[in-house]
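Please find below a colleague's note on the structure under review. The points are numbered so that each can be checked against the coordinates.

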Amino acid sequence: MRILLSIPSLMPGGAERQFAELAAGLCARGHEVLAVALDQGGPLEAALGAARLVVLGKTSRLGNARVAFGLAGLLRSFRPQVHYAFLTSACVLGGLLKPFFPATRLVMGLRATDVDHAAYAYGRAGRVLHGLEARLSALADLVIANSQAGRRDCLARGFPEARTVVLANGIDTGRCQPDRTLGQALREAWGVGPEELLVGHVARLDPMKDHPNFLRAAALLSARRPDVRFVCVGAGPEGYATELRGQAGGLGLGGRLVWAGGRADMPAVYNALDLLCLSSAYGEGFPNVLGEAMACGVPCCATDVGDAALVLDDLGVAVPRREPETLAAGLAALLERLEREGEALRRACRARIVAHFSLERMVADTEALLLKLCGGVRP
């Protein structure tokens, strides 16, 4: 197959990593893949494997028409059998161009659920794009949601039920695997003692990740467990970062919490942790961070957003969103379980990801869907 994959950028992110790894995996299976970044490239270009990359380079909203013409030119010259668009802006553009390229099958890839547009400065524009994506979904030959929660969300928005399927994310279990020695240098750099336990929050600094919820839960847990330290790994706007640091200081976490910023060495980060916490309030579909941490043998406590509870199964703790007291209790319970079960729990976490959410499975299942689509049979 000739497959064109489009996405806004290749900056670090869960959807972006899935995009890059899917492109590389489909190439490795013998398909001709053109990866298109509408806005900008980024560090995840290195994960594209043999896929060819074109960056259209939208620099402002005024560049939308130029990007649309650029993508249309690629659809015309590359003549893909499938155009698989990731994320809302790429799906909208794919839908707008579909009538001009009726022979190319359009696949819309949905990654987020229950987005609170009001939390962002671009909220009105986000709502408009969200609504336009739903209207244009009638033109899609296939819609792939990466979570059961995502499918429910898009069906409620009016997406075609018969053409909307779920295909969970895939975790590179070769890249993410247990290696506690890999994380030891980071623990030392963060000042974590050998007898201390480290709880990590790994997420960009974004309102959907609800860092304030995590910070309040960390303060409550600190009062119960003086042997626990915390680290927040992830980058974001400096103004918001300053605000969060101020909240942490006001909660008395100054000496117990490290702000590590964005990092590229994620396997080392996961292997430095004893537990991982996901405190999101909305917006999650399949939280990659849970799968990656578990593949490294790290148990997780998460708010019940997207398919978090499905990923964790009975090996972690899922709690209601926006309840720091419940989140603190969940972290405490999981720490106690880890102290009881130790390596057995770590091994079980990895085994679940290997068995159910491997990268190989995701690539193979995507290939099967696209091949079926190109055969003229709607899944």
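The notes that follow concern a predicted model, and they take up its sheets, helix packing, nonpolar cores and selected residues.

1. The seven-stranded sheet. One open sheet consists of 7 strands in the order 3-2-1-4-5-6-7, and its pairing is parallel. Strand 3 and strand 7 (164-166) form the edges, each pairing on one side only. From one strand to the next, the twist averages 20 degrees. Within this sheet, strand 1 (residues 2-9) and strand 4 (residues 82-86) are joined in the parallel sense over 4 bridges. S6 has A85 of strand 4 as its bridge partner. Helix 5 (residues 148-156) packs on the sheet and touches strand 5 (105-110), strand 6 (142-145) and strand 7. The direction of helix 5 makes about 165 degrees with that of strand 7.

2. Strand 6 and its two neighbours. Strand 6 pairs with strand 5 in the parallel sense over 4 bridges, and 3 bridges join strand 6 to strand 7, again with parallel strands. On the strand 5 side, M108 stands opposite V143 of strand 6. On the strand 7 side, I144 has V165 as its bridge partner. The side chains of strand 6 are divided between two directions: L142 and I144 point one way, V143 and A145 the other, and all are buried.

3. The six-stranded sheet. A further open sheet contains 6 strands in the order 10-9-8-11-12-13, with parallel pairing. Its edge strands are strand 10 (257-261) and strand 13 (317-319), each of which pairs on one side only. The twist here averages 20 degrees from one strand to the next. Strand 11 (residues 275-278) and strand 12 (residues 300-303) pair in the parallel sense over 3 bridges. L276 has C300 of strand 12 as its bridge partner. Helix 12 lies across strand 8 (197-202), strand 9 (228-233), strand 11, strand 12 and strand 13, and it runs at about 160 degrees to strand 11.

4. Helix 12 against helix 13. How do these two helices cross? The axes of helix 12 (residues 324-341) and helix 13 (residues 343-356) come within 6 Å and cross at roughly 110 degrees. Helix 12 is therefore roughly perpendicular to helix 13. Helix 12 contributes R337, L338 and E341 to the contact, and helix 13 contributes E343, A344, L345 and R346. By class, the residues of this contact divide into 3 nonpolar, no polar and 4 charged.

5. Helix 10 against helix 13. Helix 10 (residues 288-295) also packs with helix 13, at an angle of about 120 degrees and with the axes 7 Å apart. This angle makes helix 10 oblique to helix 13. The contact involves G291, M294 and A295 of helix 10, together with C349, R350, R352 and I353 of helix 13. Its residues divide into 4 nonpolar, 1 polar and 2 charged.

6. The nonpolar cores. The largest nonpolar core has 68 residues, of which W190, V202, F230, L276 and L290 touch the most other members. Helix 12 supplies the largest share of this core, 7 residues. Apart from the largest core lies another, of 30 residues, with M1, V33, L44 and L369 among them. In soluble globular proteins, nonpolar side chains tend to be buried together.

7. The surroundings of L276. Which residues does L276 touch, not counting residues up to four places away in sequence? They are G200, V202, Y270, V289, L290, A293, V298, P299, C300 and C301. The bridge partner of L276, C300 in strand 12, is one of these contacts.

8. Two loop residues. L56 lies in the loop between strand 3 (52-55) and helix 2 (64-78). With a relative accessible area of 14%, L56 is buried. Beyond residues up to four places away in sequence, L56 touches V36, A37, L38, R66, V67, G70, L71 and L74. The C-alpha atoms of L56 and A318 are separated by 40 Å, the two residues being 262 residues apart along the chain. K209, for its part, is placed in the loop between strand 8 and helix 7 (211-224). Is K209 buried or exposed? At 9% relative accessibility, K209 counts as buried. Leaving aside neighbours within four places in sequence, K209 is in contact with H201, A203, R204, S279, S280 and E284.

Key:
Residues are numbered from 1 along each chain as its sequence is written. This is a predicted model: local features need pLDDT of at least 70, side-chain atom pairs count only at pLDDT 80 or more; totals for chains, interfaces and linings use all residues. Side-chain values use heavy atoms; hydrogens and water are left out. Axes are lines fitted to C-alpha atoms, for helices over the stretch in contact, and angles run from 0 to 180 degrees between N-to-C directions. Angles under 35 degrees count as roughly parallel, over 145 as roughly antiparallel, 65 to 115 as roughly perpendicular and the rest as oblique. Contact means heavy atoms within 4.5 Å. Ala, Val, Leu, Ile, Met, Phe, Trp, Tyr, Cys and Pro count as nonpolar, Asp, Glu, Lys and Arg as charged, and the others, Gly among them, as polar. A nonpolar core is a set of buried Ala, Val, Leu, Ile, Met, Phe, Trp, Tyr and Cys residues joined through side-chain atoms within 4.5 Å. Buried means under 20% relative accessible area, exposed over 50%, partly exposed in between (1.4 Å probe, protein chains only). Two strands pair if DSSP finds at least two bridges between them.
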